[in-house]
Amino acid sequence: MNKFKKISAILILVILIAAICLFAGCDDGRAQSAEASLDFDGLGSAPTAEAAAKATHIDKSRLTLSDTISTDKAVLDSIKYILVTSNQNLIDCDFFAAASYGSGVATINGGTIVGAMDTRDVRVYDNGEYWYDAYGLIVDAYSLKKGKRGKVNSAVSSVISSALNYAKRAYSPDGETFYVSNKGGTSKSTITLFPSYNAVTYNRPKSQKQTLEQFNKYTYSRDSYKSYTTDNYDNDLPILSGSLKYDETNGIYTLEFDVNCENNTLELSVADMLSNSAIKKFVYAKKHLIIEIWECGLIKNYINSNVWKAEMILNISGSSDNFYEQRFTYDKSKLVEMNIPQELKDKMKET
């Protein structure tokens with residue numbers, strides 16, 4: 001295969017990975033980027049009394065708890081009930097802020113080429129006003145032959161970085177009109193500056209105007225762009241097995257479970273992947289979630305580990321193992337690092 005065809009093959013993988021955006025934890029000796037810290041702006045702290053009062057509280061009488069992983073239908077139905085309730089509470093609440101990080105590795109053709117990536121994002125919703133800032137950086141790429149790690153040539157590395165590194169920003173002043181930009185530039189400092197709004201520089205033309213309906217489609221949102229999950233739990237057996245624990249001292253439910261990857265529970269995520277013309281077949285091999293929910297019904301923490309496999313054009317196959325953690329707060333008074341200047345919001349509207 002000549003250099004051009006090699007680069008084309010890598011580019012296809014890169015486009016696939018870019019569509020996925022979030023990767024999983026890697027322990028492969030790659031150069032580590034700055035460790036993500038989500039211990040700021042009250043993330044993970046208990047909801048305010050006002051936020052808790054408005055939310056639909058979890059009805060303990062409807063629950064069957066289990067300290068161990070179980071396939072008991074009563075346990076799985078209890079997990080589903082909490083998921084649906086807490087997701088709707090996030091949609092209905094007046095204010096929330098969330099920050100997340102992801103990291104991971106993807107391989108093609110049995111691991112002959114490996115790429116690793118880190119991602120970050122922040123979300124802030126305040127009575128109709130919405131801000132979203134997300135970016136990802138390729139942090140390592142190498143070839144692997146007979147168990148030996150080698151370098152990816154500079155031309156291929158350049159293609160990987162230019163195509164995979166991404167920055168996305170969205171702003172809505174009223175929850176009806178959205179301004180979306182994918183024109184950001186990233187560098188090594190982007191990850192270390194997280195969660196600063198100065199982490200990414202944006203070039204003009206910088207944003208596209210969208211309606212609420214268009215933005216929901218753009219984000220593949222099932223119910224609302226405010227949701228913390230687009231997974232479809234309103235079907236038969238959306239959860240294969242799981243545990244449901246309750247910390248009475250702190251008032252926290254911990255849900256740990258495996259999502260059914262063979263029915264339509266993940267249909268929107270799969271549709272998102274298949275919208276890329278380079279992907280001919282895409283399946284989730286595994287999706288494992290650990291979610292903490294306050295007893296008032298608001299989400300505290302969301303941890304997503306998943307594995308996917310894909311078949312692409314030119315007979316290329318790929319897979320990835322992904323990790324993502326997101327923490328929430330409902331206390332506007334604690335926001336410091338995630339406060340967005342009005343002048344930056346105004347610039348987003350300059351289409």
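This report walks through the strands, two helices and a handful of single residues in a predicted model.

Residues are numbered from 1 along each chain as its sequence is written, and side-chain values use heavy atoms, with hydrogens and water left out. Because the model is predicted, local features need pLDDT of at least 70 and side-chain atom pairs count only at pLDDT 80 or more, while totals for chains, interfaces and linings use all residues.

**Strand β4 and its partners**

A word on terms before we dig in. Helices (H or I, at least four residues) and strands (E, at least two) are DSSP runs, numbered from the N terminus. Two strands pair if DSSP finds at least two bridges between them.

Strand β4 spans residues 129-145, and it is a good place to start. It runs antiparallel to β3, to β5 and to β6, as the table shows.

| Pair | Residues of the partner strand | Bridges | One bridge or facing pair |
|---|---|---|---|
| β4 with β3 | 113-126 | 14 | D140 opposite A116 |
| β4 with β6 | 166-172 | seven | Y135 with A167 |
| β4 with β5 | 148-151 | four | K145 with K148 |

Two of these pairings are hairpins. β3 and β4 have two residues between them, and there N127 takes a positive phi near 50°. β4 and β5 also have two residues between them, with K146 in the turn at a positive phi of about 55°.

**N127, in the β3-β4 loop**

Let's stay with N127, which lies in the loop between β3 and β4. Is N127 buried or exposed? N127 is exposed, with a relative accessible area of 54%; on this scale buried means under 20%, exposed over 50%, and partly exposed in between (1.4 Å probe, protein chains only).

The side chain of N127 makes a polar contact with the side chain of D126, at 2.9 Å. A polar contact here is a pair of N or O atoms within 3.5 Å; within protein, one must be able to donate a hydrogen and the other to accept it, and residues adjacent in sequence count only if both atoms are side-chain atoms. Once its neighbours within four places in sequence are set aside, N127 is in contact (heavy atoms within 4.5 Å) with D94 and K332. The C-alpha atoms of N127 and C93 are separated by 8.3 Å, with the two residues 34 apart along the chain.

**R169, in β6**

Now over to strand β6, where R169 is found. R169 is buried, with a relative accessible area of 3%. Which side chain does the R169 side chain make a polar contact with? That partner is D133, at 3.0 Å. Leaving aside neighbours within four places in sequence, R169 also has contacts that include W131, Y132, Y179, Y197, Y202, L344 and M348.

**Two helices**

Helix α3 (residues 73-92) has 20 residues and reaches 28 Å from its first C-alpha to its last, close to the 28 Å expected at 1.5 Å a residue. That expected span is 1.5 Å times one less than the number of residues. The N-terminal end of α3 is capped by D72, with a side-chain oxygen 2.9 Å from the backbone nitrogen of A74.

Helix α7 covers residues 267-274, and its buried residues are S269, V270 and M273. These three sit on the same side of α7 because they cover an arc of only 100° around the axis. The arc is taken from the directions running from the helix axis to the C-beta atoms. An α-helix has 3.6 residues a turn, so residues three or four places apart point the same way.

**Backbone oddities**

Most residues other than glycine have a negative phi, and most peptide bonds are trans. A cis peptide bond joins F194 and P195, with omega about 10°. P195 lies in the loop between α5 (188-193) and β9 (201-202).

D41 has a positive phi near 55° and sits in the loop between α1 (3-20) and α2 (49-54). D41 is buried, with a relative accessible area of 7%. Y220 has a positive phi of about 50°, and its place is in the loop between α6 (212-218) and β11 (239-247). Y220 is partly exposed, at 25% relative accessible area.

**Cysteines**

How many disulfides does the structure hold? Zero, where a disulfide means a pair of cysteine sulfur atoms within 2.5 Å. C261 is partly exposed at 22% relative accessible area, and C296 is buried at 6%.
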